[in-house]
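Student: I would like to learn how to read contacts, burial and strand pairing in a model like this one. Could we go through them one at a time?

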Amino acid sequence: MDPEDPRYCNDRSLSVILIDYMAFVFTGMQEFIVIKGAREHNLKNLNLKIPRERIIVVTGPSGSGKSSLAIDTIYAEGQRRYVQSLSSYARQFIGELQKPDVDYIEGLSPSVAIEQKTVSRSPRSTLGTITEVYDYMRVLYTRVGRAFCYRCGRPITTQETENILQSVLQMPAGTRLQILSPVVQERKGEYRKELQQMRREGFVRARIDGRMVDLTKDITLKKQKRHTIEIVIDRLIAKPGMERQLRAAIENALIHSDTVVINLVDQGRDILFSKTLSCTSCRISYPEITPMFFSFNSRIGACPSCQGLGYINLTEETTEFDELVPCRRCGGLRLRAEALGIRLQGLNIGEFSRLSVRRSLEFIDSLTFTEREELISRRIIKEVRDRLRFLQRVGLDYLSLDRPAATLSGGEAQRVRLATQLGSSLTGVLYVLDEPSIGLHPRDCRRLLETLSEIRDSANTVIVVEHDEETIRWADHVIDLGPGGGTSGGWVVAEGRPEEVEKVESSPTGRFLSGRRSIPLPAFRRRPKGWIEITGASEHNLKDLDVMIPLGLFVCITGVSGSGKSTLVLDILYRALLRAIHGKRVRPGRFRTIKGTEQLSRVISIEQRPLGRTPRSNPATYTGIFTHVRNLFSRVPDARVRGYTASRFSFNVPGGRCESCKGAGFKKVEMHFLPDVYVPCDECKGMRYNRETLEIRFKGKNISEVLEMTITEARQFFSHIPALKERLQVLSDVGLGYIKLGQSATTLSGGEAQRVRLARELGKRARGSSLYILDEPTTGLHFVDIERLLGVIQGLVERENTVVVIEHNLDIVKCADYVIDLGPEGGEEGGYIVAAGTPEEVSLNEGSYTGRFLRNKLQEHRARGTRVTA
């Protein structure tokens, strides 16, 4: 439903009431969520008794079953029960919700999952719109904004009939005019009543959505589309003696609307006159000021050149937001000039949107109003201030309100959702969060945890899938799954308060929490073999930096969120090296010079974006493993006798695949008034291939059974084939032993996708002199997996490469050879180099937040007698 539809607030309030009511129905007075026989994915028939209205952390190694329990079982069943309570009509608008593999769950509340998915891919969606801050500001600017002429800058005043009349009379003789009165502007509806009223009043023509129509004919408008309806009051030709007729037409137009539109027929353009606002010097009139006037998604408010997108090279289908060129007409502010002429204490709404959350909160707090304006704006200001403070409390105060939603990282998007939940005031709800600490510096993690506690204290249950040590220690109850990943996981290894989990010898998490096991410091810090020197780095918030990046080392770029890490590494360093080394036609962020690029042979950025856009892409196809597997099957004696080639074993082309489902393994069943259901293909039973292909077996397994193997199982199965064993070993080394060879790429997390990419790079022939860039590679990794990842990174450096990692995790930072810490804050107050040097040198810098936390980490090792040789 459109937020500007007056029914929106009522429906929204009803949904909140319904969730609260369902929470009561589901839970009664139960103190626990009781789970019996949870078998989703690799869960081993788990029985659990989880306390309600507590913060519960589900932890364990990668692939141990954390998401299977928290999201695929608990959250999924809560959502399914809630949806079942709705009417069949309502259910048709909700995606398919299948029952998880569990015997039963008691004490379950309606559930809300706050995941790491991008909020919206639309280029029109911004931080301001998804948090509703921008919507409230549109109302504020409408009610108390002051209008200035966008051409001369003078305050503009109301315009009387006489002023409009004199302006039109000055037009050249012979000018053909139409006098129009807009009665509907960019609103949804059929407007049958309004059209009939026009006919009764004797009007025979109207301009509807820019097209002239005959009112004597039947007119049908689409109810869900926005329409603009302008009555044609009169049609004239400019000539002496027309004053009486023109005056009557203008007065008649102003009866129906505050705005008069003079349509110059031969020129195909309009001149607007308003009885409310106009500039007498420039003869510019503003239309009626409404909240829609400030909407860049409306034709009334959007800049006519960029249609409200803000950039000349941006379209509705754009998914990449690099190298954008601001619209020359609106300067990237998205709105028409008249809307940008309305100001509040010197700022128009576009300029306000460019402020960071921190600065916009300061602006709101500094506003002063008259007694009348105070009365009008009090409620609006409260709503805006609350939303900005929620964003600040979850560590997002460095983001600007005009930040496109599609450019938010998974962690940022999740914390935006968390901030919106803070303002919902729901009680009795089950919240499930997937690694909310991702992208957060240790300094900001405490604020996030306090936010989770506030949600809990409102009689809600908070279940968090997390590996962060501070978050685990903050929990009221910990469920540690393991002991390994994949088939080795799915068991409850330890459960209870954090201090109780610490004492469990068999718990990998407990051993790390107690200090019985820790990620060791390297024996020594390497010395640089050269330098990349960047001068004048000034993209986004970087403050004209001169940066020296050492080569031949493991380098960590650190700093609080929004301090400029990604800008320096991805926008400047990576793009500059792509252009210098590989000759790519890319535009780096702003800098003056870069030196030392000749010391490198290539640059590789290993990102967290999805491996593919279709469910057919999987780890086996992406890493090239499946090519070797298909070749193996084609050389089996039975296959050779039948003349089968490697293509016979592809599920993407006709021949060996099941043609009933085209190799997908499932079919979509349309349920008409119920959601579509995906069921295993009745022909191949979900195995993707036809019967003849499945008859070919290698070591007793057919091709479908091989795709169902985990990486660990496949490594053992193909241990006698060097080419496959090596690639599978690399996937295992980066902590992916639990994922299946044929697992759909769309089901992999950002961190998993990044590690698959890393494994593919590691599987290539070593060349040396390469620079690898990794952005937060510890996403989704347990302490055990981080230890493995560090081994991979150190191995790359040992092969005479440079590894540059953007990271907050202190176990990674402490193992680096060199650290560059940006800050001191995020956003406008960031962009400086706070400290640079070895971890020991950075830890001594009092001005570095990273240094302070690193100092504590290094002191823990010194207490155990660990020293690093420089």
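Tutor: Let us begin with contact, which means heavy atoms within 4.5 Å. This is a predicted model, in which local features need pLDDT of at least 70 and side-chain atom pairs count only at pLDDT 80 or more, while totals for chains, interfaces and linings use all residues. Residues are numbered from 1 along each chain as its sequence is written, and side-chain values use heavy atoms, with hydrogens and water left out.

Student: Which residues does Ser 68 touch, if those up to four places away in sequence are not counted?

Tutor: With that exclusion, Ser 68 touches Glu 40, His 41, Asn 42, Leu 43 and Thr 73. Ser 68 itself lies in helix H2, residues 66-84, where helices (H or I, at least four residues) and strands (E, at least two) are DSSP runs numbered from the N terminus.

Student: Is Ser 68 buried or exposed?

Tutor: Buried means under 20% relative accessible area, exposed over 50%, and partly exposed in between, with a 1.4 Å probe and protein chains only. Ser 68 counts as buried because its relative accessibility is 8%.

Student: How do I read a sheet, and which strands stand at the edges of the one with mixed pairing?

Tutor: Two strands pair if DSSP finds at least two bridges between them. The mixed sheet is open, and its six strands follow the order E5-E17-E18-E3-E19-E20. Strand E5 (111-114) and strand E20 (491-496) each have a single partner strand, so one side of each is left without a neighbour in the sheet. E5 pairs with strand E17 (residues 430-434) in the parallel sense over four bridges, and Ala 113 has Val 432 as its bridge partner in E17.

Student: What packs on this sheet, and at what angle to E5?

Tutor: Axes are lines fitted to C-alpha atoms, for helices over the stretch in contact, and angles run from 0 to 180 degrees between N-to-C directions. Helix H13 (residues 410-422) packs on the sheet, where it touches E5 and E17, and its direction makes about 145° with that of E5.

Student: What is the pairing in the sheet that contains E8 and E10?

Tutor: That open sheet of six strands, in the order E9-E8-E10-E7-E11-E12, has antiparallel pairing. Its edge strands are E9 (211-214) and E12 (269-274), each pairing on one side only. Strand E8 (residues 205-208) and strand E10 (residues 226-237) are joined by three bridges, and Ile 231 in E10 is the bridge partner of Ala 206.
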